[in-house]
Amino acid sequence: MKIVTCTAPVNIAVIKYWGKRDEKLILPLNDSISFTLSQDEMCAKTTVAISPNFSEDKFWLNGKEESLENPRIQNCLKEIRRRASKRKMNGFDDEMLNWHIHVCSANNFPTAAGLASSAAGYACLVSALGSVYGVEGDLSVISRQGSGSACRSIYGGLVRWYKGEQTDGSDSFAKTIAPPDHWPNTRVIICIVNAGRKKTPSTEGMRRSVATSSLMEYRVQTSVVNRVNKIMQAINEKDWSMFCDITMADSNEMHAVCQDTFPPCVYMTDTSQAITSLVYQYNEIKMANKEDHHKICYTFDAGPNACLFVPGEVAEEVMNLVVTAFPPKPTQALDEYIRGEKPSN
Ligand code: 2P0
């Protein structure tokens with residue numbers, strides 16, 4: 001029996017991946033750029049075991065048994081096994097390719113709430129499979145075939161996923177463009193507006209945007225290309241203020257494309273919009289005080305939850321502001337107490 005456990009962190013895109021040029025190979029229409037969070041924060045943990053004694057393949061996700069027959073998982077598994085059989089390294093025995101597999105995966109944050117759970121999940125699965133089958137080298141191309149954004153979670157720091165030009169996807173991979181300590185003091189504040197599953201899954205939302213949004217065409221051909229160049233410059237020059245502005249602009253454009261989709265994909269709520277207003281207001285005051293380095297920015301994935309990037313010096317101040325502006329809802333018990341009802345336990 002061979003058994004391996006891996007963890008993989010969530011990544012948060014600052015230039016969004018929204019739209020594919022190839023659905024099967026999961027090839028994007030544009031380059032995207034993300035921050036990979038540190039391992040000990042939001043992450044997926046996966047254990048993969050192969051054994052001649054297993055009588056069937058099995059898969060558990062967050063404690064619930066699911067089917068391993070999912071085509072995306074099968075694509076990753078097939079590709080890992082193909083590479084393993086070609087390399088036959090690290091004492092790998094061909095017989096092991098025929099053993100059944102057990103996979104157990106869990107996230108320490110809400111699944112499918114627009115918090116990049118599939119990114120961490122597939123990056124983790126592919127890393128664990130890679131270790132079990134002794135596959136080395138770049139795994140981003142394989143994890144991309146599980147979930148596009150997963151290729152970015154293979155690497156740490158600031159990561160760019162190159163869309164690539166080839167039809168076989170061989171040049172659509174991810175690469176670190178700046179190490180994790182590039183902006184060492186950066187903190188990420190995740191504001192959970194709603195932890196439930198999103199109404200339109202990203203894959204379906206993207207498909208619909210590509211088919212119906214004319215703004216999407218402009219994004220892919222012009223605006224996102226310019227923004228990628230500009231944010232690369234901001235990263236290279238460590239221009240935090242410019243980085244923040246571009247991050248917010250790209251989030252805004254992705255959600256504008258979603259609104260321009262028919263029927264529209266509406267991910268942000270009134271609370272999400274109110275968070276953006278708070279960020280603008282905060283930045284205006286910081287700018288007036290000539291504290292450009294204390295600028296903060298937001299970005300929203302395919303859900304209502306905000307990710308705020310903030311300099312460490314102001315992280316506590318921003319947290320206090322958010323909690324003051326959006327006090328957590330009273331718990332059921334407190335609610336009942338205030339209304340003078342008997343607690344329901
Ligand atoms: C991103 N998102 O760049 C963007 C921003 C959501 C909004 O990547 O179809 O789950 O599995 O490739 O990777 C979510 O898309 O979609 C995503 P598939 P995925 O992070």
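**View 1. Strand β13 in the predicted model, with its side chains on two sides**. β13 covers residues 297–300. C297 and T299 point one way from the strand. Y298 and F300 point the other way. All four are buried. In a regular strand, side chains alternate between the two faces of the sheet.

**View 2. The hairpin of β13 and β14**. Strand β14 spans residues 306–311. β13 and β14 pair in the antiparallel sense, over four bridges. Five residues lie between the two strands of this hairpin. One bridge partnership joins T299 of β13 to C307 of β14.

**View 3. H294, in the loop ahead of β13**. The loop that holds H294 runs between α8 (270–288) and β13. Is H294 buried or exposed? H294 has 20 C-beta neighbours inside 10 Å, so it counts as buried. Setting aside residues up to four places away in sequence, H294 touches K286, P311, E313 and V314. P311 belongs to β14, whose residues are 306–311. V188 is 106 residues from H294 in sequence. In space, H294 and V188 are 14 Å apart, C-alpha to C-alpha.

**View 4. The open sheet of five strands**. The strand order is β1-β6-β9-β7-β8, and the pairing is mixed. Which strands form the edges? They are β1 (2–9) and β8 (64–66), each pairing on one side only. Neighbouring strands are turned by 20 degrees against each other on average, direction ignored.

**View 5. The pairing of β6 with β9**. β6 holds residues 43–51, and β9 holds residues 100–107. The two strands run antiparallel. Eight bridges join them. Among the paired residues, I50 has I101 of β9 as its bridge partner.

**View 6. A128 of helix α2 and its surroundings**. A128 is buried, because 26 other C-beta atoms lie within 10 Å. Beyond its neighbours within four places in sequence, A128 is in contact with V4, T5, C6, T46, T47 and V48. V4, T5 and C6 fall in β1 (2–9). T46, T47 and V48 fall in β6 (43–51). K45 is 83 residues from A128 along the chain. Their C-alpha atoms are separated by 9.4 Å.

**View 7. Two domains in contact**. The domain assignment gives domain 1 (2–178) and domain 2 (186–332). The centres of the two domains, taken over C-alpha atoms, are 26 Å apart. How many residues does the contact take from each domain? It takes 22 from domain 1 and 27 from domain 2. On the domain 1 side, β2 (11–15) and β11 (174–178) each supply at least two residues. The largest share, four residues, comes from β2. By residue class, the domain 1 side divides into 16 nonpolar, three polar and three charged.

**View 8. The shell around the ligand**. The ligand is surrounded by 16 residues. The closest are A13, S147, G148, S149 and T203. Which elements give two or more residues to this shell? They are α2 (117–132) and α5 (202–212). The shell residues divide into seven nonpolar, seven polar and two charged. Why does the ligand lie between the domains? Domain 1 and domain 2 both give residues to the shell, so the ligand lies between them. One of the closest residues, A13, falls in β2 (11–15). Another, T203, falls in α5 (202–212).

How values were computed:
Residues are numbered from 1 along each chain as its sequence is written. This is a predicted model: local features need pLDDT of at least 70, side-chain atom pairs count only at pLDDT 80 or more; totals for chains, interfaces and linings use all residues. A residue is near a molecule or strand if its C-beta atom, placed from the backbone, lies within 6 Å of it. Ala, Val, Leu, Ile, Met, Phe, Trp, Tyr, Cys and Pro count as nonpolar, Asp, Glu, Lys and Arg as charged, and the others, Gly among them, as polar. Domain bounds come from an automatic or database domain assignment. Two residues are in contact if their C-beta atoms, placed from the backbone, lie within 7 Å. A residue is buried if 20 or more other C-beta atoms lie within 10 Å of its own, exposed if 12 or fewer, and partly exposed in between; C-beta atoms are placed from the backbone. Two strands pair if DSSP finds at least two bridges between them. Axes are lines fitted to C-alpha atoms, for helices over the stretch in contact, and angles run from 0 to 180 degrees between N-to-C directions.
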